[in-house]
Amino acid sequence: MPATIQLLGIFGFPISHTLSPYMHNAVCKKLNLPYFYAPFEISSEKLDKAIDSVRTLKISGINITIPHKEKVIQYLDEISSEAKLIGAVNTIKNDNGKLIGYNTDGKGFIAALKEDTGILPGKRSFLIFGAGGACRSIAIQLALDGAKKIIIANRTLDKAENIADNIRKNIPACDVQAILLNKIADIISDEYILINTTPLGMKESDSPIFDYSLLSKIKIVVDIIYNPPQTPLLKEAQKFDARTANGLNMLVFQGALAFEIWTGIKPPILVMREALIEKMFKL
Ligand code: ATR
């Protein structure tokens, strides 16, 4: 490593499964940039010290992943407006000792949606399954980017209501509703772009998220799962000729946006995507 190398990285727990180092380091190698991206396993009790070390070691930028995206906010000097609305940070820039938090998950999703389906959120309606952190980032960014209507369908109604209330309060131009997952037959129509943010479909033994015969009404389906690349939801949607996309490009674009925040350089998307695919499928 040259003496002038600048450090980037990711804090999470566990961290061994992360694919981010492969895509960021592939870009640095390809463009011959003086950065190195390293994974760090950081427990919740050590998060404050780890964030302090970003200042001490002059680490240029850090991604934050599960389970620290919310907790980390209290240790930062500033956060972007969308990270504040979402209540979670996945990217920190070290600006001469001032740590600024951003959230590129929602924006990464929107960029991937555009790349994969040609769709922009403006005046569109979305039906989102699940109400965890991923739904929160995606729903809030869709609303910020002009979505007309969002319905959040979840097994636990309270969690969907919580995200819906946040949007109603902060982005009132977006019509948002929360419903129970088992009630979607009452509302589903070709007006909606479907987005799965639940983990259902990652394992072969997972039950369907809903009755997939309802997909006959749907034209566009996005599953944020990227492994397997074709979940049962996407396969069933394709049988009805719906356009489909998986979560690979969301992972790529959230990373690309973070890289640009840290370095000011727009990274080559192809290089990032290929590094991920190579690592995931051991090509
Ligand atoms: P993340 O925070 O990464 O988005 P998560 O919180 O683990 O992911 O899960 C996202 C959503 O998937 C949750 O809202 C969860 O529903 P609950 O709020 O009812 O817990 C939903 N989910 C997970 N397993 C599920 C299952 N077996 N059936 C239905 N929904 C499920």
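## Polar contacts with the ligand

A polar contact is a pair of N or O atoms within 3.5 Å; inside the protein, one atom must be able to donate a hydrogen and the other to accept it, and residues adjacent in sequence count only if both atoms are side-chain atoms. With that in hand, let's meet the ligand. A backbone N or O atom of G132 is 3.5 Å from one of the ligand's oxygen atoms, and for A134 a backbone N or O atom lies 2.9 Å from a ligand oxygen. T156 joins in through its side chain, where an N or O atom is 2.4 Å from an oxygen atom of the ligand.

## About the model

This is a predicted model, in which local features need pLDDT of at least 70 and side-chain atom pairs count only at pLDDT 80 or more, while totals for chains, interfaces and linings use all residues. Residues are numbered from 1 along each chain as its sequence is written, and side-chain values use heavy atoms, with hydrogens and water left out.

## Around the ligand

Which residues are closest to the ligand? They are A131, G133, A134, N154 and T156, out of 14 that surround the ligand (each with a heavy atom within 4 Å). By class, this shell holds five nonpolar, seven polar and two charged residues. Here Ala, Val, Leu, Ile, Met, Phe, Trp, Tyr, Cys and Pro count as nonpolar, Asp, Glu, Lys and Arg as charged, and the others, Gly among them, as polar.
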